[in-house]
Amino acid sequence: MAMPEWIKKELRTNFARASRAGRQAAKTEPRAACAVYDAKAKALQIELTNGAAISVPVKLIPALKGASPSEVRLVEVLGRGGGLHWEALDVDLSVPGLVSSVFAGPEWMAELGRVGGRRSSAAKAAAARRNGRKGGRPRSRATADTST
């Protein structure tokens, strides 16, 4: 039985959308270039595609608790680096999820915001000009509510 044309069109559209999302994620999310287990440090060493490297103690990864060092050593990088896989343990971990769990503290997020806020771009400059023409930065709801 032939597939109806509307289904083929929907599949092509969804595939194109998923492909764009995957390319965008590859540009913005951390991806693993390689991962190895350091038995001495009892930590997973992950080198990211952007050149950064992180070391995550295995005891901080709930899915690997109770795994032997020989099992943890068999880590594989999935696809384009978006995941880590342990066949013998039937465990898959998201690299972006693992990285964000390591750097999820409020101090780290505040630092990212501080550094990002200092960066200028054409979009930020244009937004500042538009806000200036309107009388400045829009007041927040909390500020607007208390001044009435």
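**Exercise 1. State how much of the chain is buried and describe its overall make-up.**

Solution. Of the chain's 148 residues, 18% count as buried. The model is a predicted one. The exposed surface comes to about 11,000 Å², and carbon and sulfur atoms supply 57% of it. Next, the secondary structure: the chain has 6 helices and 6 strands. Read from the N terminus, the elements follow the order α-β-β-β-α-β-β-β-α-α-α-α. Finally, among contacts with a separation of 6 or more, 31% are between residues 24 or more positions apart.

**Exercise 2. Work out the strand order and pairing of the open sheet that holds β4, β5 and β6.**

Solution. Step one is the order: this open sheet has 3 strands, arranged β4-β5-β6, and the pairing is antiparallel. The edges are β4 (76-78) and β6 (91-94), each of which pairs on one side only. From one strand to the next, the twist averages 30°.

Step two takes the β4 side. Strand β5 (residues 83-86) pairs with β4 over 3 bridges, in the antiparallel sense. Leu78 has Gly83 of β5 as its bridge partner, and Glu76 stands opposite His85 in β5. The hairpin of β4 and β5 has 4 residues between the strands, and in it Gly79 takes a positive phi near 45°.

Step three takes the β6 side. Here β5 and β6 run antiparallel and are joined by 4 bridges. Trp86 has Val91 of β6 as its bridge partner.

**Exercise 3. Determine which residues of β5 are buried on each side of the strand.**

Solution. Begin with the general pattern: side chains in a regular strand alternate between the two faces of the sheet. In β5, Gly83 and His85 lie on one side, and Leu84 and Trp86 on the other. These four residues are all buried, so each has under 20% relative accessible area. Both faces of β5 are thus covered. As for a neighbouring helix, α3 (residues 95-102) lies across β5 and β6, and runs at about 65° to β6.

**Exercise 4. Identify the best-connected members of the largest nonpolar core and the elements that contribute to this core.**

Solution. The largest nonpolar core has 20 residues; Leu44, Ile46, Ile61, Leu64, Leu84 and Trp86 touch the most other members. At least two residues of this core come from each of β1 (32-38), β2 (43-48), β3 (53-57), β5, β6 and α3. Take Ile61 as a case: with neighbours within four places in sequence set aside, Ile61 is in contact with Leu44, Val56, Leu93 and Leu98. Two of the residues named earlier, Leu84 and Trp86, sit on one side of β5.

**Exercise 5. Locate Lys42 and Asp90, and decide whether each is buried or exposed.**

Solution. Start with the backbone. Lys42 has a positive phi of about 55° although it is not a glycine. Asp90, also a residue other than glycine, has a positive phi near 55°.

Then place each residue. Lys42 lies in the loop between β1 and β2. Asp90 is found in the loop between β5 and β6, a hairpin with 4 residues between the strands.

Last, apply the cut-off for exposure, which is over 50% relative accessible area. Lys42 has 56% relative accessibility and therefore counts as exposed. Asp90 has 65% relative accessibility, so Asp90 counts as exposed.

Conventions
Residues are numbered from 1 along each chain as its sequence is written. This is a predicted model: local features need pLDDT of at least 70, side-chain atom pairs count only at pLDDT 80 or more; totals for chains, interfaces and linings use all residues. Side-chain values use heavy atoms; hydrogens and water are left out. Two strands pair if DSSP finds at least two bridges between them. Axes are lines fitted to C-alpha atoms, for helices over the stretch in contact, and angles run from 0 to 180 degrees between N-to-C directions. Contact means heavy atoms within 4.5 Å. A nonpolar core is a set of buried Ala, Val, Leu, Ile, Met, Phe, Trp, Tyr and Cys residues joined through side-chain atoms within 4.5 Å. Buried means under 20% relative accessible area, exposed over 50%, partly exposed in between (1.4 Å probe, protein chains only). Accessible areas come from the Shrake-Rupley method with a 1.4 Å probe; for residues, only the protein chains shown count as cover.
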